[in-house]
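Here is a short walk through the model, written to be read with the structure open beside you. Pick a chain, follow along, and turn the view as you go.

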Amino acid sequence: MTTTVETTPTPRVTDQKVLVQVDDLKIHFPIRSGIFKTVKGTVKAVDGVSFDVRRGETLGLVGESGCGKSTIGRAMIRLREPTAGTVAFDGVDLGSLSSDALRKMRRRMQIIFQDPYGSLDPRMTVGSTVSEPIETHGLAAGQAKRDRVAELLTLVGLDPAYVNRYPHEFSGGQRQRIGVARALAVEPEFIVCDEPISALDVSIQAQVLNLLTDLRSRLGLTYLFVAHDLSVVKHISDRVAVMYLGKVVEIGPPDQLYAAPGHPYTRALLSAVPVPDPTAERKRKRVILQGDVPSPVNPPPGCRFHTRCWLYERLGQPEECRTVDPPLVAISGEHQAACHFAEESVKSDVGVAHMEERSIRHGTPTKALESLAGDAARGNGNQGDPLQTPGGAMEALAASLGAHLPSPGAPVADLGAPGSSAGVPGPDPEAPNVDPQPPAPGTRPS
Amino acid sequence: MQQEPVSTEDVPTVIDLSPDEARREHQEQMARQEAERKDGALLQVRGLSTHFNTPDGVVQAVDDVSFEVGFGETLGLVGESGCGKSVTALSIARLVPDPPGRIVAGEIMFDGIDVLKLDSDEMRKLRGKEIGFIFQDPLTSLNPTLTIGYQIAESIREHMGLSQKAASDRVVDLLGKVGIPRARDRLDDYPFQFSGGMRQRVMIAIALSCDPKLILADEPTTALDVTIQAQILELIQTLSEEFHTAVLLITHDLGIAAGMCDRVNVMYAGEIVETGTVDELFANPQMPYAWGLLDSLPRIDDVRGERLRTIEGLPPLLINPADACRFSPRCAYARDICREQGAQLTSRGSEAHLARCWATEPEGWIS
Amino acid sequence: MATISRPVAGEIVQPRRSAGLWSDAFGRLRKNKLALVGLFLVITLLLTGLFGPIIAPWPYDYQDLEAVFAGTGGPLPPLTAGHILGTDQLGRDLLSRLLDGARISVSVALVVQLVIITIGVPIGAIAGWFGARLDNILMRFTDVIYAFPDLLFIILLSVAFRDTAVGQAMDGLLLVFVAIGLTSWVTVARLVRGQMLALKETEFVEAARAIGVRDRRIVMRHLLPNGMGPIIVAITLGIPSAILAEATLAYIGIGVQPPRASWGSLVAEGQKYVRSEPHLVVFPAIAIALALIGFTFLGDGLRDALDPKLKGKQ
Ligand SMILES: Nc1ncnc2c1ncn2[C@@H]1O[C@H](COP(=O)(O)OP(=O)(O)OP(=O)(O)O)[C@@H](O)[C@H]1O
Ligand SMILES: Nc1ncnc2c1ncn2[C@@H]1O[C@H](COP(=O)(O)OP(=O)(O)OP(=O)(O)O)[C@@H](O)[C@H]1O
Ligand code: SF4
Ligand code: SF4
Ligand SMILES: [Mg+2]
Ligand SMILES: [Mg+2]
């Protein structure tokens, strides 16, 4: 058994057809106050954003809190009405659909939320939560419905015996899995993942991330993956869009975007991400953004970033930055940035110096993997073809999953990458059939 | 946030509160600490056990934990949620809610003082003056009904005996130091008028208000954006360098630990399972739980699409833990001995690098 | 960034049978001594309301004149043979009259709350769910109702409809009860609206919308069950005020007509003799107090039991 730690990234099938097209999207929220509820201003949560999501691709969306990521995500599946602009799904303008047609369309697009506690109805059992979409769209009834729910639960790595439990009986990671099962129940093509792992503990984040990656390749899903953590986004995305104050300021394939960011904000974000490697941390050059994000009610004129931009300062505060809002322009190929001085930014080494020499990944040492080699063969059979058909092949999939599962407790985490299964210990047969979850912090200091 | 080792020329060593006095005070302090440092650590925790009485039984939240923090040193405490990080810090500051919590064993020596022997008055003095605490949640640790200025001045007046005027000047200085612009105008603001990042700075200002020797920072940036987090961490780092303050930094983000700390303790289920300098710990971790933590992080310098290895299973309940390696139910390398007897923290190569694992002991099966 | 929530102590899933939120709530209720006392009193009241006249030693309007004349000629004191609680000045057995009055108190509780539920809950739910214009209109309407003097409204109503079928039902009592209900649904409507507004923004409702669940179903399946706790509590706690309102009305002569008596009218009558025959006031007053205490304790207990924030604390 080869004890490869590094697996070759599975080639991801993305046909170049656009699945979701966002065109000059604006979403403004009126601020009302006083007894007469008069409009006192508008929060320009999303202010003129255009991009495409291609079928089969994962588009990462990053940015600081409040920059409009969730609002875009919700607008893309029409949970928010745009103030202006359009969202077209598979060529159909969602705004033009009647409410019935939209309801039918909802089968094809879904959302997974950040908060594994708030996103499940506390009064509904797991079974009814997962079967709600099935009933709503009349996909199955009676025994067929129950079978389907069991199948979905198995798919996300939960024991189907849990159907009659309530959300409060599960850990955070398990609840997030329930949310994923609910989203998958309608066999969607497109899923908005709105910070699906931000609220989870590190080791559980990794499990949910693996689950999402596995499902993506098996079901041919397209994701919009919203996060504020650039390392997570890089890990999962085919393309990454960076947002600042209601606008996309940079978009491109992660390799280019992370190695040579064209926007000073991206560099600042990159340099703010801590790297779990003391040597790399010491080596890199960082810029620390000063101050907070300006209010989206009155965004700064010209380039919105100029109030915090280090490049603007370095270049001696050019007037252009204060007066002209820079459009997104191509830097190279698919890589675009919205900065008047993008080429200066590309040339600089701020924030990404540590990227040049990829430091060795420390974690489980090779000798430990070798000592496990004997056991590893056991879990090594599941490299079958990734199923590309969404939905149709779910039964087959669930069956194939089931066959490889030592126990239904922790299955999906083990899928996919053969090399890595060496490091994934099989679940302890004695252990209760549950998701890893930290024992609770009780009272916090306050 | 570690940069190139900072030479003294780069960093203004002067605290600009009232420059001359501050400089003198600071130099004296440095000299004093220089002398003390030879005698040993600022904080020594030995055999600390803190238990909580709950309806289900006694939760052994912290179990026989020992470590030291040197003068001016930053020590990291990392681990999963619920492993006892906060309770450790609360125990040092004697802030464990009692009941249900109780420090049942151990010794905490702070700068030569036996903390557990102090009465509550002496403890309060020590807490405000010598030990600063930055709590996990900036939103709930400030009183929403009192102005920011008042809340910082409160502790200064109590511990430093300054006049109203002098205290208020000092508050303005402190707020400026933690990067709040136009500080004088903002003294009368209430916490809700500040953003999360600014509130956290106010917490830091309060923690620093009396020039403490030790800051207990409990996940000071968990609720903040990466950019604000970077600001706060840099702030803590420069301040600790300037004032030569020791920091016990609690975090679950190994990246933060790598950038900020001199040494790191990894905690699991109430015990320290590995400790060492950052470099030792990150380059040569010595126990499966530490491996798992490092493995499960997606890294910005990773090759895309790599699968993450995860730690399967569930941390044990801290009620009546059996005499076994507490990680054994989740450990892929466990053998019979792990389930029969808990391992001890023993040396791995260097004096500072200790790990609790049978497998990586010199005669273990992965060594 | 949203707040980071983590599991709370003791939440780790054990392989055990699901309890469900309601049975959890009942479990917590059972641990609450005061609530149990309340529950006991309420059940007793309901049973008396149902079976009171059957177990009563005398018909409520039977005048035991023999006994009265055998005595002092005035009301008989408690512990007289045959009349444990004594009689009134007409020789009517007080216990029997109290047992019959329980029926009125129970029906006032039920009718008033029924009116509140059928009017207040839908209005609150519609205002909260649809928001905007409809919300504004409905809420201004409730403001008007709220501002209108209750007593005046009830008197007007009972006068206006006295001769209709409703006015005649249950000896005219139904009309009074409905009138009380019509003045008291506003609080519940506002409460329901508040619940709807808060729940509407939750992610699980957003998830239901993303799935394409119809509005009606979202309200029925997600919003109402989740908002139920406070509503049930408000309704339970509203019962004492209904009983009290009936008593007040009876006291000023609206509602129960003699010879029937509710607990309120018993107090009103007995008051004339309060110096010489205090038992005529004391026993009905105790009955009213017990009913109030019962519902209040039960309501408080329900609030605690249904509040997930209090979970774990006992
Ligand atoms: N329903 C609403 N009404 C008014 N303002 C809103 C509403 N929803 C969002 N906003 C505002 O729009 C802006 C963008 O919010 P959004 O939730 O999209 O940010 P985000 O990027 O997802 O942030 P986070 O990382 O904190 O989730 C914020 O300023 C927010 O306050
Ligand atoms: N007041 C309390 N009552 C009962 N148990 C408690 C209490 N406070 C803490 N505990 C228990 O002590 C253990 C350690 O808690 P602690 O808060 O130190 O965790 P932590 O490592 O700080 O986690 P987090 O990363 O979530 O802050 C937990 O298992 C928790 O359940
Ligand atoms: S346009 Fe100017 S202000 Fe904006 S990002 Fe580029 S350099 Fe900075
Ligand atoms: S002592 Fe055994 S069970 Fe514990 S970490 Fe080491 S190998 Fe694993
Ligand atoms: Mg968001
Ligand atoms: Mg903590």
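## Chain A as a whole

In this predicted model, contacts in chain A between residues at least 6 apart in sequence are 69% made up of pairs at least 24 apart. Chain A has 446 residues, and 59% of them are buried. Its secondary structure comes to 15 helices and 12 strands.

If you are thinking about what the solvent meets, the accessible surface of chain A is about 16,200 Å², and carbon and sulfur atoms hold 53% of that area.

## Three residues to look up in chain A

Start with Thr266(A), which sits in helix α9, residues 264-272 of chain A. Is Thr266(A) buried or exposed? Its relative accessibility is 0%, so Thr266(A) counts as buried. Leaving out residues up to four places away in sequence, Thr266(A) touches Val242(A), Glu250(A), Leu257(A) and Pro261(A).

Next come two loop residues with a backbone angle to check. Arg78(A) has a phi near 60°, a positive value in a residue other than glycine. You will find Arg78(A) in the loop between α1 (69-76) and β4 (84-89) of chain A. With a relative accessible area of 14%, Arg78(A) falls under the 20% limit and is therefore buried. Gln317(A) also has a positive phi, near 50°, and is likewise a residue other than glycine. Gln317(A) belongs to the loop between α11 (310-314) and α12 (319-323) of chain A. Its relative accessible area of 39% makes Gln317(A) partly exposed.

## Chain B and its strand β6

Chain B contains 12 helices and 12 strands. Of its 367 residues, 59% are buried. Among contacts in chain B with a separation of 6 or more, 64% come from residues 24 or more positions apart. The accessible surface of chain B is about 14,200 Å², with 50% belonging to carbon and sulfur atoms.

For a closer look, go to strand β6, residues 131-134 of chain B. Which residues of β6(B) point one way, and which the other? Ile131(B) and Phe133(B) point one way, while Gly132(B) and Ile134(B) point the other way, and all of them are buried. In a regular strand, side chains alternate between the two faces of the sheet. The partner to look for is strand β7, residues 214-218 of chain B, which runs parallel to β6(B) and is joined to it by 4 bridges. Across this pairing, Phe133(B) stands opposite Leu216(B) of β7(B).

## Cysteines and ligand 4

How many disulfides does a search of the whole structure find? The count over all chains is 0. Cys261(B) makes a good example: the closest cysteine sulfur to its own is in Cys83(B), 14 Å away, so the two are too far apart for a bond. Cys261(B) also counts as buried, at 1% relative accessibility.

Other cysteines of chain B turn up around ligand 4. The ligand is surrounded by 13 residues, and the closest are Cys325(B), Cys331(B), Cys338(B), Cys357(B) and Trp358(B). By type, the shell around ligand 4 holds 12 nonpolar residues, 1 polar residue and no charged ones. One of these closest residues, Cys331(B), counts as buried at 17% relative accessibility.

## Two loop residues in chain C

Asp93(C) lies in the loop between α3 (65-70) and α4 (94-130) of chain C. At 0% relative accessibility, Asp93(C) counts as buried. Beyond its neighbours within four places in sequence, Asp93(C) is in contact with Pro57(C), Trp58(C), Tyr62(C), Gly82(C), His83(C), Ile84(C), Gly86(C) and Thr87(C). Asp93(C) and Asp64(C) are 29 residues apart in sequence, and their C-alpha atoms are 7.6 Å apart in space.

Val213(C) is in the loop between α9 (203-211) and α10 (215-251) of chain C. What does Val213(C) touch, not counting residues up to four places away in sequence? The list is Glu132(A), Thr136(A), Ala208(C) and Ile218(C), and it includes residues of chain A. Val213(C) is buried, with a relative accessible area of 4%. From Val213(C) to Ile155(C) the distance is 46 Å, C-alpha to C-alpha, with their positions 58 residues apart in sequence counted as separation.

Technical notes. Residues are numbered from 1 along each chain as its sequence is written. Chains are lettered from A and ligands numbered from 1 in the order in which they are written. This is a predicted model: local features need pLDDT of at least 70, side-chain atom pairs count only at pLDDT 80 or more; totals for chains, interfaces and linings use all residues. Side-chain values use heavy atoms; hydrogens and water are left out. Buried means under 20% relative accessible area, exposed over 50%, partly exposed in between (1.4 Å probe, protein chains only). Two strands pair if DSSP finds at least two bridges between them. Contact means heavy atoms within 4.5 Å. Accessible areas come from the Shrake-Rupley method with a 1.4 Å probe; for residues, only the protein chains shown count as cover. A residue is near a molecule or strand if one of its heavy atoms lies within 4 Å of it. Ala, Val, Leu, Ile, Met, Phe, Trp, Tyr, Cys and Pro count as nonpolar, Asp, Glu, Lys and Arg as charged, and the others, Gly among them, as polar. A disulfide is a pair of cysteine sulfur atoms within 2.5 Å.
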